[in-house]
Amino acid sequence: MYSEICENLPVDYTVGLVTTCNMCCEMCFRRWDPNKYSKDFIDDDVFQKLVNAMRTQKPEIIRWHCDGELLNEPAASKFLNTVVEMSADENCFSTNGQNIDHYIEKLVGTKLTLLIISVDAATEETYKKIRHANFSKLLNNIRKLNTYKEENNLSTPRLKFMFVLMEENKHELGLFVEIAKFLNVSEIEVMPLNTAVCSSSKLREVQLEEAKRVCKFAKANANESGIIFNFGYDA
Ligand code: SF4
């Protein structure tokens, strides 16, 4: 019955390749439910079937992310070459950015159109509190990526910054937009904290009206500089 209605494969893919990560952020299930997944990677045959299907069409979007970090070994060696050669109107994945410097030549000037970087802070102190990692290293990695793009006159991948809004970082959203401008980011997305995942943490969600108030100015500032600003609370 279904095959009579739907003759073509989907053109919008979201593929979780990997469940391992090099970080352990405060709001991540990895910290509070480390046994959530029994496998580290997608099955080889499932991956191959998906790739074959994608090659027979030009999908509108491929998102290679779910709950893990692709720019981390052995995941990167296993999947990255294939990921960056897939054709789609938007071919993207998200990363915490801590290892970008190891993969710059593999990422830039390929068919990867968008690199989504989870940031969530604008200072070392807040980044450490939320993501338990090195903010300066993240910024340096993005600078290196941008420099490589400029030196080689290459425009892809575009950059998108993610900001999970919470009481602990809402005061930094303005500075976050300034940093995004400085780093040639083309898109920002602000998302609510998923407290169902991290109910054991001390992180606190921002109520909707307050989130709208905080985002109003940040959005105007971003838009003035040509940065798309999405407010994920609407979703
Ligand atoms: S970088 Fe992402 S997947 Fe890794 S621990 Fe942080 S939130 Fe979880």
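With 235 residues, a compact globule would be expected to have a radius of gyration near 18 Å, and the chain, at 18 Å, agrees with this; the radius is taken over C-alpha atoms, and the globule rule is 2.2 Å times the number of residues to the power 0.38. This is a predicted model, in which local features need pLDDT of at least 70 and side-chain atom pairs count only at pLDDT 80 or more, while totals for chains, interfaces and linings use all residues. Residues are numbered from 1 along each chain as its sequence is written.

Along its principal axes, the C-alpha trace of the chain spans about 50 × 45 × 35 Å. Of the 235 residues, 31% are buried, meaning that 20 or more other C-beta atoms, placed from the backbone, lie within 10 Å of the residue's own. Among contacts between residues at least 6 apart in sequence, 78% join residues at least 24 apart, a contact being two C-beta atoms, placed from the backbone, within 7 Å.

The chain holds nine helices and seven strands, which are DSSP runs (H or I, at least four residues, for helices; E, at least two, for strands) numbered from the N terminus.

Consider one pair: the axes of helix 8 (residues 173-182) and helix 9 (residues 208-224) come within 9 Å and cross at roughly 15°, where axes are lines fitted to C-alpha atoms over the stretch in contact and angles run from 0 to 180 degrees between N-to-C directions. The two helices are therefore roughly parallel to each other, the term for angles under 35 degrees. Leu173, Gly174, Val177 and Ala180 in helix 8 meet Val214, Phe217, Ala218, Asn221 and Ala222 in helix 9.

How values were computed: A residue is buried if 20 or more other C-beta atoms lie within 10 Å of its own, exposed if 12 or fewer, and partly exposed in between; C-beta atoms are placed from the backbone. Angles under 35 degrees count as roughly parallel, over 145 as roughly antiparallel, 65 to 115 as roughly perpendicular and the rest as oblique.
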